[in-house]
Amino acid sequence: MTHKRTHIAVAVACLAGLAGCGSRMSHIEPQSSVAMFDSFEYSGDDAFYNANPLPDESSYYNPVLAGWYSDPSICTNGQGDYFLVTSTFTYFPGVPIFHSRDLVNWNQVGHVLTRPSQLVNMEKQHVSGGIFAPDIAYNPANKTYYMVTTNVGAGNFFVKTQDPFGEWSDPVMLPEVAGIDPAFFFDEDGKAYIVNNDDAPDGKPEYDGHRTVRVVEFDTEKDECVGERRIVVDKGCRPEEKPIWCEGPHIYKVGDYYYLMTAEGGTSVNHSEVIYRGATPFGPYEAWSGNPILTQRNLDAGRDNPVTCAGHADMVQTPEGDWWGVFLACRPVASDKENLGRETFMLPVRWTEDGWPRFVEDGQQVPLVVSKPGVKRGDAVTFGNYSRLDEFTDSILGNEWMTLRGPASDYYSLESNPGFLTIRCADVNSSEKAELPYVCRRLNHHDFCCRSRVTFLPEHDAQAAGILLLKDETHQYLLARTCRGDRHYVEVRKITGEGSDVVGETEAPRELSTFDLRVEGKGLEYAFSYSDNDGATWNTVAEKIDAGFTSTNEAGGFTGTVVGPYATNALTMPARNGDEFMARRTR
C-alpha cells in the first residue's frame, strides 16, 4: 500500500503563530482559475491534555480516536490483529479502517470503500446521509473479513476481503434486510447471521421511536439471507417505559449464552447501551435487570470535563481472555456545543459474577485517562495533542483527507503541479448537495490551528479560494481570497441556508497571489487571519466568531466539523439545496 508522506509531531507547533511551516517556495506564478495549496498544517492544543499528562507508557487518552469517528465497530482475527471501522456518511473514501496489535496504538491503514462503485447514489444526499454504522467482523470458517453497513440512498449491503490492508469487494446488496445498522455474527458451528434495527411490527409503531431488532440466517457460500427474519427485541429492554431507537445491535457467543447488545435512547444525551442474553441466536432474549451497561445521561450536567451521548458500542475479546469495548460519545465545551462530533472511546469491559458485561458502573463518569498494562505507547498517536503537516509531495492524498459525495478527481490534482494540491475553481458551491471542489479533514481538538500557504488570484466576483470549515450544507465558515470589481480582499463568510454573509474582511493588494491563511479554534470561538510575509506577521480578518454555529447542537446531523482547502466559481450563487434532511432524530 502506498502511503502519503505526512509529517507527524506530537508536540504542538503552530498555535503561537506558525512562523515556519516548512513551505518550499517564496513565490509561484498563479494559474488561471485554480488555487495551489503548498501545504496544510493542523495542530491541536487542548487544555485537558496539557493539564493531565499521561502517567506512564501504558496509558492512553479517551477518546482513543479523537474527532468525528462515530459508530465504531471492532473485530479480531484471533491472531493478535484488531481492526476498527467508523461511519463516514457522504464523505469519500468511505469507512476508515484502523489496525492495532494492542488496542492502544491505532494506525489508519486505509478505507474500506475506496471506489465509486462501492458508494452509489451519494449525489443529492445530505452530509448526514450516506453510510451509517458500519460493522466489521471476521469469519474464521472462510478466513474472510466482512463489512456490512447501510447506505441510506441505496439500502443495506456488505463487502468482503481476505486482506483488510488491501481492496474490498464491490457491494453485495441485502434486499431482504430492511432497516438500518446491520451486523454479522459468525457462530462456532459455522453458521452466520445478520442482526439489525428495523421498523415496528407490521410497520405500525405505538409511539415515535418504536423500533425492533431482527435476526436472519445468512449463507456465506451463496452470499444471501435464508429463512425468516425474526423479531428478537420489540421496543427495547424495558418495553413498558417506551424506549426509543433500539439500534446498532451486535451478537456475541460467550460460554453457553448468546449476548445481544444494542443502543437505546437516540444519539443525544439520553444515549445508552443495553444487554440481553439467550440460548440461541434467535433468542428468546432476556434483558439484564442492571441495564444500561453504558450511559452518561444521569450525571450532573455541570461536571468537569463531561463526556455525553455515550452508546453505540461493540466488544472484542483478547487472546488473554480479557474483553474491551469501543463506543461513541461526545465532549461538549459548553451548553452541549462542540465541533468534534461523536468520537471513538475505548474501555475494558467488566463481567459481573452472574455473567453480564458492563462498561461503566451506574453513575460512573467515562474516564478520560485509561491504563492498559503491558502496552507501550508508540509515536503515531490518535489521541492527545499532536500536529500534522502535509506538504502534498505524494501522488495520492493521505488517509486523513476526504472529499464529499465522490472522489472529486475532476476538481483536484496532486500531479498537475507536483508538490501542490491544486484545486480547480468549479461552477458549484459548498451549499449544494453535489461533489465539491473541496478536500477536507476532521477537527480533532477543541483548541486547534490550521494553516495553509496558497497561490491564487481571483478573476471575478464569484471566484474564491481558501479554507472552508463545514458542518453541513447550511452551517459553514469560509476564509478566502476574493475580489469585488477592482478591489481585492481576504474575507470570512458565514454560509447559511439563506446564502452567505461577510462577517470580516481585510483589503489585500491586488498583486498578492501567494499568501498564508490561518484558522484557529478556541472552544466556542473561531479566529481567521492571513499573512503576506511568510507568517512573520498576521493580519486579523475576523475574530471571536461563533463556533457554536457549526456545532451539532445547532446544526443537527451526525457528523463533526471538517476543514480544508476549497475553491469555487460560484461564491455568490444562492444556496440551492436548503431543504433540511433530518434522519431519524437530531439533538
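**Exercise 1. Work out why C440 has no disulfide partner in this predicted model.**

Step 1: Look for the nearest candidate. For C440, the closest cysteine sulfur belongs to C450.

Step 2: Check the gap. The two sulfurs are 11 Å apart, which is too far for a bond, given that a disulfide needs cysteine sulfur atoms within 2.5 Å.

Step 3: Look at the surroundings. C440 has 0% relative accessibility, so it counts as buried.

**Exercise 2. Do the same for C237, then say how many disulfides the whole structure has.**

Step 1: Start with distance. The closest cysteine sulfur to that of C237 sits in C246, 9.8 Å away, so a bond is ruled out here too.

Step 2: Now accessibility. C237 has a relative accessible area of 14%. The cut-off for buried is under 20%, so C237 is buried.

Step 3: Widen the search. Across the whole structure, the count of disulfides is zero.

**Exercise 3. Trace the open sheet that contains β23 and find its edges.**

Step 1: Put the strands in order. The sheet has three of them, β22-β23-β24, paired antiparallel.

Step 2: Pick out the edges. β22 (308–317) and β24 (343–348) each pair on one side only, so these are the edge strands.

Step 3: Check the twist. On average, neighbouring strands here are turned by 25° against each other, ignoring direction.

Step 4: Zoom in on one pairing. β22 and β23 (residues 323–330) run antiparallel and are joined by six bridges. As an example, Q317 has W323 in β23 as its bridge partner.

**Exercise 4. Find out which element gives the largest share of the largest nonpolar core, and what F359 touches.**

Step 1: Size up the core. It holds 46 residues, and W106, F327 and F359 have the most contacts inside it.

Step 2: See who contributes. Elements supplying at least two residues each include α1 (47–51), β18 (257–264), β22, β23 and β24. The largest share, five residues, is from β23.

Step 3: Follow F359. Leaving out residues up to four places away in sequence, its contacts include M261, I293, L294, F327 and L347.

Step 4: Don't miss the other core. A separate one has 40 residues, including A35, L340, L414 and A465.

**Exercise 5. Lay out the open four-stranded sheet.**

Step 1: The order is β4-β5-β7-β8, with antiparallel pairing.

Step 2: β4 (73–76) and β8 (107–113) are the edge strands.

Step 3: β5 is linked to β7 (residues 94–100) by four bridges, and F83 has H99 in β7 as its bridge partner.

Methods. Residues are numbered from 1 along each chain as its sequence is written. This is a predicted model: local features need pLDDT of at least 70, side-chain atom pairs count only at pLDDT 80 or more; totals for chains, interfaces and linings use all residues. Side-chain values use heavy atoms; hydrogens and water are left out. Two strands pair if DSSP finds at least two bridges between them. Axes are lines fitted to C-alpha atoms, for helices over the stretch in contact, and angles run from 0 to 180 degrees between N-to-C directions. A nonpolar core is a set of buried Ala, Val, Leu, Ile, Met, Phe, Trp, Tyr and Cys residues joined through side-chain atoms within 4.5 Å. Buried means under 20% relative accessible area, exposed over 50%, partly exposed in between (1.4 Å probe, protein chains only). Contact means heavy atoms within 4.5 Å.
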